[in-house]
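Trainee: I'd like to learn how to read a model like this one, feature by feature. Could we go through it together?

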Amino acid sequence: MSTSTLTDRNNFHDWYLDRIAVGPNEEPRELILGLYLRNERVSVTFEGVTCFNLECLGLLNIVYSIRITDATDRNYEAVIAA
């Protein structure tokens with residue numbers, strides 16, 4: 001996923017999460033999120049994932065934002081700590 005894809009989709013703000021897939025149990029590991037907004041559906045794939053943190057998963061599952069974070073971002077330390 002590129003930052004231009006995220007920007008084009010407004011970081012998937014207000015999309016709905018209805019699928020989470022992890023695997024395969026071999027390199028490169030993948031995390032796949034299934035998202036939808038009205039009649040549009042996407043699968044967002046993260047390759048080379050070693051861990052992830054999912055907080056506050058509820059029945060509505062509205063996505064606030066999907067962002068690529070690197071060491072120069074001001075929130076990097078908080079993301080790494082989570």
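Trainee: Let's start with the open space: how much space lies in the largest pocket?

Mentor: Keep in mind first that this is a predicted model. The largest pocket holds about 1500 Å³ of space.

Trainee: Which residues lie nearest the centre of the largest pocket?

Mentor: Those are Asn53, Ser65, Ile66, Arg67 and Val79, out of a lining of 35 residues. If you'd rather think in elements, H1, strand E2 (30–37) and H2 each give two or more residues to that lining.

Trainee: And how do the lining residues divide into nonpolar, polar and charged?

Mentor: The split is 21 nonpolar, eleven polar and three charged.

Trainee: Asn53 caught my eye. Where does asparagine 53 lie, and is asparagine 53 buried or exposed?

Mentor: Asparagine 53 sits in the loop between E3 and helix H2 (76–81). As for burial, the answer falls in between: its relative accessibility is 42%, so asparagine 53 counts as partly exposed. You can also set sequence against space here: asparagine 53 and threonine 72 are 19 residues apart in sequence, and their C-alpha atoms are 20 Å apart.

Trainee: Now the strands. How do E1 and E2 run, and how many bridges join them?

Mentor: A general idea before the case: side chains in a regular strand alternate between the two faces of the sheet. Here, E1 and E2 run antiparallel and are joined by seven bridges. For one pairing to look up, isoleucine 20 has leucine 33 in E2 as its bridge partner. The connection from E1 to E2 is a hairpin through six residues.

Trainee: What about E2 and E3: how many bridges join them?

Mentor: Eight, and that pair runs antiparallel too. Leucine 37 has glutamate 40 of E3 as its bridge partner. Two residues lie between E2 and E3 in their hairpin, and arginine 38 in the turn has a positive phi of about 55°.

Trainee: On to charges. How many salt bridges does a search of the whole structure find?

Mentor: Four. The reading rule is a distance: a Lys or Arg side-chain nitrogen has to be within 4 Å of a carboxyl oxygen of Asp or Glu. One of the four joins the side chains of glutamate 40 and arginine 9, at 2.3 Å from N to O.

Trainee: Why does the pair of glutamate 40 and arginine 9 tie together separate parts?

Mentor: Because glutamate 40 belongs to strand E3 (residues 40–47), while arginine 9 is in the loop between helix H1 (3–8) and strand E1 (16–23); the parts they link are 31 residues apart in sequence. Glutamate 40 is partly exposed at 34% relative accessibility, and arginine 9 is partly exposed at 29%.

Trainee: Which residues do salt bridges with shared partners join into one network?

Mentor: Take the links one at a time. Arginine 19 bridges to aspartate 18, with the closest N and O atoms 3.9 Å apart, so this pair falls inside the 4 Å cut-off. Arginine 41 also forms a salt bridge with aspartate 18, and here the closest N and O atoms are 2.6 Å apart. Since arginine 41 is in strand E3 and aspartate 18 in strand E1, that second link ties parts 23 residues apart in sequence. Through these shared partners, Asp18, Arg19 and Arg41 form one network.

Trainee: What relative accessibility do the members of that network have?

Mentor: Arginine 19 is at 38%, aspartate 18 at 39% and arginine 41 at 43%. Each of these counts as partly exposed.

Notes
Residues are numbered from 1 along each chain as its sequence is written. This is a predicted model: local features need pLDDT of at least 70, side-chain atom pairs count only at pLDDT 80 or more; totals for chains, interfaces and linings use all residues. Side-chain values use heavy atoms; hydrogens and water are left out. Helices (H or I, at least four residues) and strands (E, at least two) are DSSP runs, numbered from the N terminus. Buried means under 20% relative accessible area, exposed over 50%, partly exposed in between (1.4 Å probe, protein chains only). On a 1 Å grid over the protein atoms alone, a cavity is a set of points where a 1.4 Å probe fits but cannot get out, and a pocket is an open set with protein on both sides within 12 Å along at least five of seven lines; lining residues have an atom within 4 Å of a point. Grid points are joined across faces, edges and corners, and a volume is the space filled by probe spheres set on the points. Ala, Val, Leu, Ile, Met, Phe, Trp, Tyr, Cys and Pro count as nonpolar, Asp, Glu, Lys and Arg as charged, and the others, Gly among them, as polar. Two strands pair if DSSP finds at least two bridges between them.
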